[in-house]
Amino acid sequence: MRFPRRWYGVLVLMGLLLPLSSKAQQTPPTSLEDKDLGQAVGEAGNSPVDLVHAIENHLSKYPNSPKKVELLRALSKGAMEINDDARIIRYGEIVLVSEPDDLRLLDRVSRALVALNEKAAASRALRYSRHFVELVDKLALQPAPARDAAKREEEFSRGRARAFLMQSRAQATLGKIDDSVNLAQRSFETYAYEEAAHELGSALSRAGRNDEALRAVADAFTIPDAHASDTDRQQDRKLLGDLYRKTKPNESGLGDFILASYDRTTALVEARRAHYRSIDPNADLSNPLDYALTSIDGSTLRVGSLKGKVVVMDFWATWCTPCRAQHPLYEEVKKRFDGNQDVVFLAINTDEEHDQVKPFLLEQKWQGAVYFEDGLSRVLKVTSIPTTVIFDKRGEVGSRMIGFIPDRFVDMLTERVKELSKEGRTDERK
């Protein structure tokens with residue numbers, strides 16, 4: 001039986017299906033309903049739309065299913081995946097009764113309700129959105145690893161801004177124009193992005209404050225925002241032209257007005273990035289050579305400073321048993337290149353709790369400098385450990401070893417380092 005991979009894990013965790021193991025495959029369904037559900041999900045294949053329909057049909061057949069709560073939760077997740085607002089509302093509101101603190105569901109249900117442009121729906125959206133902000137504010141007070149601080153702060157800011165935006169639209173639907181303007185302004189001030197600026201311009205325009213609206217829409221048109229689509233920009237441009245003609249006799253001078261807005265919004269976004277970099281020097285970086293890695297003794301190493309050398313990065317953790325088995329083999333490879341100034345070996349620790357690393361190194365009597373990954377795992381897409389990533393002299397990933405073969409590891413890694421030490425090698429092995 002074939003199951004949609006992205007759904008299978010969710011359904012297993014919900015207790016709706018057995019894990020795909022040899023033991024589970026030999027275990028027959030405990031009831032006719034379990035058999036029907038397994039068959040329906042299997043026949044849906046990899047289509048999330050078909051899977052939603054399959055679960056809906058199952059609930060029609062078994063309206064009093066003991067798994068009804070889990071099935072409704074699966075339907076709410078499916079509705080979000082296929083962006084079906086009607087189903088997001090239908091199933092999401094039911095699930096929120098028993099799981100009122102589901103942040104993602106609160107966000108999506110609020111947005112779907114606001115889109116209806118109906119007063120009753122807007123009132124419900126306000127309630128959900130306000131609770132979303134309360135939860136985010138509580139989460140923001142909880143401690144987090146230092147390397148996640150900037151990313152976490154940005155995610156919380158974006159979440160709050162999005163919630164204030166939904167509240168602004170809901171208040172507009174309820175006819176509370178001043179509240180709508182204030183919330184749109186709060187959204188943009190919390191996290192400046194295209195949609196918030198556009199909503200602020202629209203809210204100010206509804207309030208008859210066209211001069212202020214013009215500035216806000218110009219900001220929406222010019223602000224750097226990777227999430228803004230070409231359609232969004234076209235709508236901004238149209239509204240910008242309409243508002244400009246309302247306040248000016250023609251579009252003369254519009255170009256200079258837009259340029260001034262571009263300078264203003266670019267500086268705003270750069271200031272935000274600078275703030276996050278002050279928290280985490282690696283925030284908003286996509287090139288591994290730009291990363292600064294912190295060692296366990298507090299010193300800093302800029303990866304880019306090693307360009308021109310072959311750099312071997314060993315990603316490991318204190319809790320990783322295979323990493324311990326690999327370590328002496330890794331040390332043997334290092335000895336083979338002892339004295340070679342063109343080859344650098346870096347031990348990159350991936351532990352969540354940094355204070356556990358130094359005691360571990362002392363206990364195990366491991367020698368040499370150790371650096372924390374500081375977000376480098378994400379940009380290099382290291383998803384399992386041990387993993388060895390080797391950079392060539394140009395600073396490009398030339399080889400990647402996921403896991404290790406004990407009998408072959410020393411020779412394999414040695415061969416790859418030697419090969420990448422040659423000039424002109426830039427291809428990556430998987």
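Contact here means heavy atoms within 4.5 Å. The model on screen is predicted.

**Confidence**

Colour the protein chain by pLDDT to begin. The mean is 88, and 91% of the residues reach 70 or more. Select helix H10, residues 177-190, where confidence is highest at a mean of 98. Then select helix H2, residues 22-25, where confidence is lowest at a mean of 42.

Widen that selection to residues 17-27: pLDDT stays under 50 throughout, and the model has 16 contacts for this stretch beyond four places in sequence. Residues 424-430 also stay under 50, with 20 contacts beyond four places in sequence. Where pLDDT is low, the predicted coordinates should not be read in detail.

**The cores**

Select Leu75, Val109 and Leu113. Within the largest nonpolar core, which has 55 residues, these three touch the most other members. Helix H8, residues 119-140, supplies the largest share of this core with nine residues.

Stay on Leu113 and show its surroundings. Beyond four places in sequence, Leu113 is in contact with Ile89, Glu93, Ala121, Arg124, Ala125 and Tyr128. Next, pick Leu285, Leu301, Val311 and Tyr371, which are among the 21 residues of a second, separate core.

**Arg169**

Go to helix H9, residues 149-173, and select Arg169. Arg169 is partly exposed because its relative accessible area is 22%, which falls between the limits of 20% for buried and 50% for exposed. Leaving out residues up to four places away in sequence, Arg169 touches Arg111, Val114, Glu195 and Glu199. For a sense of scale, draw a C-alpha to C-alpha distance from Arg169 to Leu289: the two are 120 residues apart in sequence and 43 Å apart in space.

**Glu194 and helix H13**

Move to Glu194 in helix H11, residues 194-206. Which side chain of opposite charge is nearest to buried Glu194? It is Arg233, 5.4 Å away, and Glu194 has no salt bridge. Set against the 4 Å limit for a salt bridge, the 5.4 Å to Arg233 is too long. Apart from residues up to four places away in sequence, Glu194 touches Ala220, Ile223, Asp225, Ala228, Asp232, Arg233 and Asp236.

Now select helix H13, residues 230-247. Its 18 residues reach 26 Å from the first C-alpha to the last, close to the 26 Å expected at 1.5 Å a residue. Arg233 and Asp236 are among the buried residues of H13, along with Leu239, Leu240, Gly241, Leu243 and Tyr244. To see what these buried residues pack against, display H11, helix H12 (210-222) and helix H14 (254-279).

Methods. Residues numbered from 1 in each chain as written. Predicted model: local features only at pLDDT ≥ 70, side-chain atom pairs only at ≥ 80, totals over all residues. Heavy atoms only, no water. Helix = DSSP H or I, 4+ residues; strand = E, 2+ residues; numbered from the N terminus. Buried < 20%, exposed > 50% of the residue type's maximum accessible area, 1.4 Å probe, protein only. Lys, Arg positive; Asp, Glu negative; His and termini not counted. Core = buried A, V, L, I, M, F, W, Y, C linked by side-chain atoms within 4.5 Å. pLDDT = per-residue confidence, 0-100. Expected span 1.5 Å × (residues − 1).
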